[in-house]
Amino acid sequence: MGLAILALPTLLVSFDVFAMLLALPQMSTDLGASSTQQLWIMDMYGFMVGGFLVTMGTLGDRIGRRKLLLIGAAVFGAASLLAAFSTSPEMLIAARALLGISGATLAPSTLALISNMFRDPKQMGMAIGIWAGCFSIGAIVGPIAGGAMLSTFWWGSVFLLGVPAMAVLLLLGPALLPEYKAPQAGRLDLPSVALSLAAVLPFIYGLKTVAKEGWEPLPTAAAVLGLAFGTVFVRRQRRLESPLLDLRLFGNAPLSAALVSMLFYSALTGTTMLFVTQYFQSVDGMSPLAAGLGLLPGMAASILSITVSPVLARRIRPAYVIAGGLALVVAGFVVLLQAEAGSGTVWLIVGWALNGLGGGPLMALGTNLVVGSAPPERAGSAASLSQTSNEFGYGLGIAVVGTVGTTVYRDQISENLPAGLPSAAADAARESVAGAVSAAGGLAEPLASKLVAMAGEAFTGAMLTVVGVSVVLLAAVAVLVAVVLRHVPVLGAQAAAGPEADAGQDAAGPQAAAEAGLPVAASSSG
């Protein structure tokens, strides 16, 4: 029952993103939001989540993970009401900021509490698999429930869906969830909090803006500024007795390998998903809802894979389960490479389904490795690293790999624009494939058809370039996982070994156990 309660906020995190995509046109019209304000409405939540994850993960270790979760749930519910009844773009942006800050408490707190509630390694692995699967379930429910709500009610109704979920969490959480805070955690270092925000927020802003506008001076400078503050942050953490982020965690090989793998997976599959959904809508002519439904087989396969992976990892070492899953992702991306302009929909749906089936082990077992490799008092901090890796990965992928795809598209469309095209239509076509389709609507035949066909060919070439880069990098990640994590035992190996294993761990210390891949958080709290 406690795990079911923890699943509620996890569902809402991914639900929010997909529901917002559908609600944005209607809310922008009603509120009179400019294009810049629309971007801030969409991006503010991600900025705040990414900026506050590390702080909130560590704060939960200090003041109590259940306490922080309940505080975050109360603020999230109140901010949802504020967003639903916003009367101006500025009010909605502020509400989205509050949603992001409170949302940053949800994932680290729920994941850290799971490590306290499920002490047996097999049970913890399965519980984390269910927790990770809730993200995919939210991604499925989001467009369906959001579309149903928007067809019946006003745009603010999509925000109200989070209110009853948070009310249930607030009512039942105190009775069903244990409290845990690290003994002798020390005081929260406020300068470190400020430095972490000064590092993360400009860096995420720079990445997202570069992905939309290219390497303009302002976003590039913001990203560089974030890196500079990040360097100062790291130096301060090394000097503090009770740091905001314990850098010694990165000395654990399984934890670091899992974080790097999740970062690359998020970067490459997130960027590919963006290009696939654009193909569905701008090249194949699907509606936004139909494009979302085209991704559903992949989401369903992901839920199955995430659920089954912890069971497989009881008999097969996690390294080989994860690496085998990534090999299946690579195979799915090879299927994506068979797509052609206007006739690639089936290839994309099948390829994306294989990606969902193969990515589950990394999501479930990688998260388990990150949390299980950390000492109990650092579980919240480790959980925040897991989510931060995914957040940074997606932004980095769009900014780097996405920019490569955009460059390929612009080069190809510029070389093949049909003769006699008005300059305004040519500029729109060079900007994006969606711009080309929109511009074609104001042109006479056969010029309009030629423009749409050439834009489709150029975008397909760009998408296949992104997929090709992803194939190479994901294959390298699979090899990295198989090599670095090969010594991590199957789930439950320590529990099956009996008291002698426990005594050996106690003698060697938690760091040695973590380096061997043993789930320190589970065994120590037992």
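**Helix packing around α3, and one face of α17**

Colleague: In this predicted model, where do the axes of helix α3 (residues 65-84) and helix α7 (residues 162-176) lie relative to each other?

Modeller: The two axes come within 9 Å and cross at roughly 155°.

Colleague: What makes α3 and α7 roughly antiparallel or roughly parallel to each other?

Modeller: The cut-off for roughly antiparallel is an angle over 145 degrees. The axes of α3 and α7 cross at roughly 155°, therefore the pair counts as roughly antiparallel. The crossing itself is left-handed.

Colleague: Which residues make that contact?

Modeller: From α3 they include Arg66, Leu69, Leu70, Phe76 and Leu81; from α7, Val163, Met166, Leu169 and Pro174 are among them. The contact residues divide into eleven nonpolar, three polar and one charged.

Colleague: And how do you know the orientation of α3 to helix α4 (residues 89-117)?

Modeller: Same reasoning again! Their axes come within 8 Å and cross at roughly 155°. With over 145 degrees as the cut-off, that makes α3 roughly antiparallel to α4. Here too α3 passes in a left-handed crossing, and the residues of this contact divide into 16 nonpolar, nine polar and two charged.

Colleague: Let's turn to α17. Which residues of α17 (residues 433-440) are buried?

Modeller: Val433, Gly435, Ala436, Ala439 and Ala440 are buried, buried being under 20% relative accessible area.

Colleague: Why say that the buried residues of α17 line one face of the helix?

Modeller: Seen down the axis of α17, they fall within an arc of 155°, so they line one face. What covers them includes α10 (253-283), α15 (379-415), α16 (423-431) and α18 (447-484).

Key. Residues are numbered from 1 along each chain as its sequence is written. This is a predicted model: local features need pLDDT of at least 70, side-chain atom pairs count only at pLDDT 80 or more; totals for chains, interfaces and linings use all residues. Side-chain values use heavy atoms; hydrogens and water are left out. Buried means under 20% relative accessible area, exposed over 50%, partly exposed in between (1.4 Å probe, protein chains only). Helices (H or I, at least four residues) and strands (E, at least two) are DSSP runs, numbered from the N terminus. The arc is that of the directions from the helix axis to the C-beta atoms. Contact means heavy atoms within 4.5 Å. Axes are lines fitted to C-alpha atoms, for helices over the stretch in contact, and angles run from 0 to 180 degrees between N-to-C directions. Angles under 35 degrees count as roughly parallel, over 145 as roughly antiparallel, 65 to 115 as roughly perpendicular and the rest as oblique. A crossing is left-handed if the near helix is turned anticlockwise from the far one by less than a right angle, and right-handed if clockwise. Ala, Val, Leu, Ile, Met, Phe, Trp, Tyr, Cys and Pro count as nonpolar, Asp, Glu, Lys and Arg as charged, and the others, Gly among them, as polar.
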